[in-house]
2 protein chains.
Amino acid sequence: MKDVYLCRVISQSVADKQRDILNAALTLFVENGFHATPTSMIAKKAGVANGTLFHYYSTKDELIVALYTEIKTGLAKCVLAGDTEAETMKDKWKRYYTTAIEWGVDNPKEFRFTQQFISSPYMGMVSDELKKQGQLTTDLIKEGIKKKILKANEPELLNTILIGSVYAVNQYIMDSKLAYPERKKVINKSFDMLWGMMAV
Amino acid sequence: MKDVYLCRVISQSVADKQRDILNAALTLFVENGFHATPTSMIAKKAGVANGTLFHYYSTKDELIVALYTEIKTGLAKCVLAGDTEAETMKDKWKRYYTTAIEWGVDNPKEFRFTQQFISSPYMGMVSDELKKQGQLTTDLIKEGIKKKILKANEPELLNTILIGSVYAVNQYIMDSKLAYPERKKVINKSFDMLWGMMAV
DNA sequence: GTCTATACACCGATAGAC
DNA sequence: GTCTATCGGTGTATAGAC
């Protein structure tokens, strides 16, 4: 298993000014929240005119949701990138788990933005398509149960706890400002704990 | 162990109009978010004049933080209410765990509000006193490790995972709209999983 | 303490030139 | 596509009567 899971999200995916707008918005939203960040401030930080912002996103809400979609898609791509056929289920889970947490470490603004977004009313505005992304890991749990590798619990419940743990461990790492060697230990240790909980 | 963990929060603790304002604010914040809820709307729903709101809270931010403090204190009181001396550590943990989750079920608005608040920039405005409330469970973990009841992991890390799991399981219960008998099963089952993870 | 009335800043969004 | 200029709407907070 490789050691580094770096994965940048927004930087390369869209063109010039639009990218600047998204990057500026991300930083400011995380710092000040959605409300306290006027579009004028975003435009200024992005180095574009106020009107230009509304050329790309016809409302502020649309910008916010677009930013979330962008980030979430990038995370999913990043986590699934290392998928191989020849891999035990435990290794696959460990890789998913590690990649997700390291992604949060490499992209702290993106991570905090998603947290903020998910528990906001904007969450109701995202497409069902994007919402169903979590289905993937639930399916993997079902497969694991069928193969008698995982304990026969409600898959959705286990999935929820796992996602919650990814957020929790990430939060812990960020709060404690853990650098690489210690960080890896914490990730491994917590994975072992969780695996002990879910595996037969 | 008793079966019902009901625990209302805001309703009784403060006087008349002020209580109406907090209740109205809570409902509207959860429905619309902080931004999309003007003070005028809060005042209207509370049945008071706009100026009255600013008599009790000199800024909107102050109102938001006060609401969080109120709710958080209520939750803490509720969880600690059943503390007894003669109780095994496992029972105490199970009671804390169960009470916290059931509190979220009984107070869905309060629960969603805290989620929204914690991941917002307002979180930076709360007193250090309130922030340190989580210290209590961490200390209990340390005690458990010393007594060789719990595995010798980083206490903070375990605490973070536990809190994350409480949120996660609550979310699962709410999303699945589980009623009492099934809900209890899920809580017990998930606690057993978690206890298996943390206990020696 | 509670109300009415209002000041005034500010923001989201548009119009239209280039 | 990008800019400047601007408008209409709205929100926080205050002033002052009761």
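A residue counts as exposed when its relative accessible area is over 50%. By that criterion Lys177(B), with a relative accessible area of 70%, is exposed. The model described here is predicted. In this model chain B superposes on chain A with an RMSD of 0.0 Å, and 14 residues surround DNA strand C. DNA strand D likewise has 14 residues around it.

**Relation of the two protein chains**

- Two copies of a chain are, in general, related by a rotation about an axis and a shift along it.
- For chain B onto chain A, the rotation is 180° and the shift along the axis is 0.0 Å.
- This is the relation of a two-fold axis.
- Of the interface residues of chain B, 96% are also interface residues in chain A, so the copies meet through the same surface.
- Ser165(A) belongs to helix H9 of chain A.
- Leaving aside residues up to four places away in sequence, Ser165(A) touches Leu194(A) in its own chain, together with Ile161(B) and Ser165(B).
- Ser165(A) has a relative accessible area of 0% and is therefore buried, the limit for that class being under 20%.

**Surface near DNA strand C**

- The closest of the residues surrounding DNA strand C are Thr39(A) and Lys60(A), with Ala49(B), Thr52(B) and Tyr56(B) from chain B.
- Helix H3 (50-56) of chain A and helix H3 (50-56) of chain B each supply at least two residues of this surface.
- H3(B) gives the most, with four residues.
- By residue class, the surface near DNA strand C divides into five nonpolar, seven polar and two charged residues.
- On the DNA side, sugar or phosphate accounts for 70% of the atoms of DNA strand C within 4 Å of the protein, and bases for the rest.
- Three side chains place a polar atom beside a phosphate oxygen of DNA strand C: Tyr56(B) at 2.4 Å, Thr52(B) at 2.5 Å and Lys60(A) at 2.8 Å.

**Surface near DNA strand D**

- Ala49(A), Thr52(A) and Tyr56(A), along with Thr39(B) and Lys60(B), come nearest to DNA strand D.
- H3 of chain A and H3 of chain B each contribute at least two residues to the surface near DNA strand D.
- The largest share, four residues, comes from H3(A).
- The residues near DNA strand D comprise five nonpolar, seven polar and two charged.
- Of the atoms of DNA strand D within 4 Å of the protein, 73% belong to sugar or phosphate, and the rest belong to bases.
- Lys60(B) has a polar side-chain atom 2.8 Å from a phosphate oxygen of DNA strand D.
- For His55(A), the distance from a polar side-chain atom to a phosphate oxygen of DNA strand D is 3.5 Å.
- Thr39(B) approaches a phosphate oxygen of DNA strand D through a polar backbone atom, at 2.6 Å.

**Backbone at Lys177**

- Most residues other than glycine have a negative phi.
- Lys177(A), which is not a glycine, has a positive phi of about 50°.
- Lys177(A) is located in the loop between helix H9 (155-176) and helix H10 (180-198) of chain A.
- The relative accessible area of Lys177(A) is 72%, and the residue is exposed.
- In chain B, Lys177(B) also has a positive phi, near 50°.
- The loop between helix H9 (155-176) and helix H10 (180-198) of chain B holds Lys177(B).
- Lys177(B) is exposed, as stated at the outset.

**Aromatic pairs**

- The count over all chains comes to 22 aromatic pairs.
- One of these is the pair of Phe117(B) and Tyr122(B), with 6.4 Å centre to centre and 20° between the planes.
- The pair is classed as stacked because planes under 30 degrees apart meet that criterion.
- Both Phe117(B) and Tyr122(B) are buried.
- In chain A, ring pairs link Phe29(A), Phe34(A), Tyr68(A), Phe113(A), Phe117(A) and Tyr122(A) into a cluster.

Definitions and conventions: Residues numbered from 1 in each chain as written. Chains lettered and ligands numbered in written order. Predicted model: local features only at pLDDT ≥ 70, side-chain atom pairs only at ≥ 80, totals over all residues. Heavy atoms only, no water. Least-squares fit on C-alpha atoms with pLDDT ≥ 70 in both. Contact = heavy atoms within 4.5 Å. Near = heavy atom within 4 Å. Polar contact = N/O pair within 3.5 Å; in protein donor to acceptor, adjacent residues only side chain to side chain. Nonpolar A, V, L, I, M, F, W, Y, C, P; charged D, E, K, R; others polar. Buried < 20%, exposed > 50% of the residue type's maximum accessible area, 1.4 Å probe, protein only. Phe/Tyr/Trp six-rings, centres within 6.5 Å; stacked < 30°, edge-to-face > 60°.
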